[in-house]
Amino acid sequence: MSDGIPRAEEVRAMFGRISRRYDLANRVLSLGLCVGWRNALVRACAARRPGKVADLATGSGDVAFALRAALPATAEVAAYDFCEPLLEIGRARAAREGTQGLTFAQGDCLALPLPDASVDAVTIAYGVRNFEDRPRGLRELRRVVRPGGAALILEFSQPDAWFAPIHWLQVRVIAPVVAALLTGDLAAYRYLGASIAGFPDADGLARELEAAGFAKVRATRLLFGTVVLHEAEA
Ligand SMILES: C[S@@+](CC[C@H](N)C(=O)[O-])C[C@H]1O[C@@H](n2cnc3c(N)ncnc32)[C@H](O)[C@@H]1O
């Protein structure tokens, strides 16, 4: 994994190790910008007025809680991940905050526990990059979305050339050191930088989404393309 190539068992174990400090590390490393990026994803999803949404690779449910708050009470929000320690943090938060209408369940994005065409939208933030088999995972997203529904994908990407050196410094040098202090896990954040470097740019992921059977694929580049919000229709 130090090569940035995700292997499912190692990804699951890694997120389990950093689970307690994971949300804090995100906020600190992005200087809080991740909240705005997450809200852009949630707004794009809510604009489609979905009745049933699955938030995949939910982690501790950061996107799922924001969706729950943004959507009407009649909408169903189900959150899935394959890392149990993060799901437990999400469930504990839901209990603590008295959140209704949000479920957390085990679900591997490469073999989702959902019937074909069963949701209006899937959301996934920073999950696709960690798929061991990305073409298979994207086909699986396409399988569970009903015709006319959408996949909304928030993911790191390749920034504009002028911003690339700053981005490199942040993800390859600053983030591993700061995150190691916060989480005690240097390897996890070395993997973060390497996995971002190996991930396609917005056009590349658009082609992969089309190959998986999605149409009307479009990308909104955030912070000079550091992060991209991809929208694709089934
Ligand atoms: C970087 S975290 C993102 C968590 C959350 N979406 C957020 O925005 O905070 C990536 C998550 O993807 C999950 N993940 C990676 N591959 C997965 C897979 N094949 N199936 C389910 N979850 C997966 C990990 O367990 C982890 O919780």
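The exercises below deal with the ligand, the cavity and the pocket of a predicted model.

In this predicted model local features need pLDDT of at least 70, side-chain atom pairs count only at pLDDT 80 or more, and totals for chains, interfaces and linings use all residues. Residues are numbered from 1 along each chain as its sequence is written, and side-chain values use heavy atoms, with hydrogens and water left out.

**Exercise 1. Describe the surroundings of the ligand and its polar contacts.**

Solution.

Step 1. Begin with the residues near the ligand (a residue is near if one of its heavy atoms lies within 4 Å of the molecule): there are 17 around it, of which Ala57, Asp81, Asp108, Cys109 and Ala125 come nearest.

Step 2. Sort this shell by class, where Ala, Val, Leu, Ile, Met, Phe, Trp, Tyr, Cys and Pro count as nonpolar, Asp, Glu, Lys and Arg as charged, and the others, Gly among them, as polar; the shell then has 10 nonpolar, 5 polar and 2 charged residues.

Step 3. Look for polar contacts (here, pairs of N or O atoms within 3.5 Å). A nitrogen atom of the ligand is 2.8 Å from a polar backbone atom of Cys109, a nitrogen atom of the ligand is 2.9 Å from a polar backbone atom of Ala125, and an oxygen atom of the ligand is 3.2 Å from an N or O atom in the side chain of Tyr22.

Step 4. Consider the surface: taken alone the ligand exposes 600 Å², of which the protein buries 97% (by the Shrake-Rupley method with a 1.4 Å probe).

**Exercise 2. Characterise the largest cavity.**

Solution.

Step 1. On a 1 Å grid over the protein atoms alone, a cavity is a set of points where a 1.4 Å probe fits but cannot get out, a pocket is an open set with protein on both sides within 12 Å along at least five of seven lines, and lining residues have an atom within 4 Å of a point.

Step 2. The structure holds 1 cavity of 30 Å³ or more, and about 490 Å³ of space lies in the largest cavity. Its lining consists of 34 residues, and Ala57, Asp81, Ala125, Tyr126 and Gly127 are the closest to its centre.

Step 3. By class, this lining has 18 nonpolar, 8 polar and 8 charged residues.

**Exercise 3. Characterise the largest pocket.**

Solution.

Step 1. About 640 Å³ of space lies in the largest pocket, and among its 31 lining residues the closest to the centre are Leu29, Ser30, Phe156, Gln170 and Leu192.

Step 2. The lining of the largest pocket divides into 24 nonpolar, 6 polar and 1 charged residues.

How values were computed. A polar contact is a pair of N or O atoms within 3.5 Å; within protein, one must be able to donate a hydrogen and the other to accept it, and residues adjacent in sequence count only if both atoms are side-chain atoms. Grid points are joined across faces, edges and corners, and a volume is the space filled by probe spheres set on the points.
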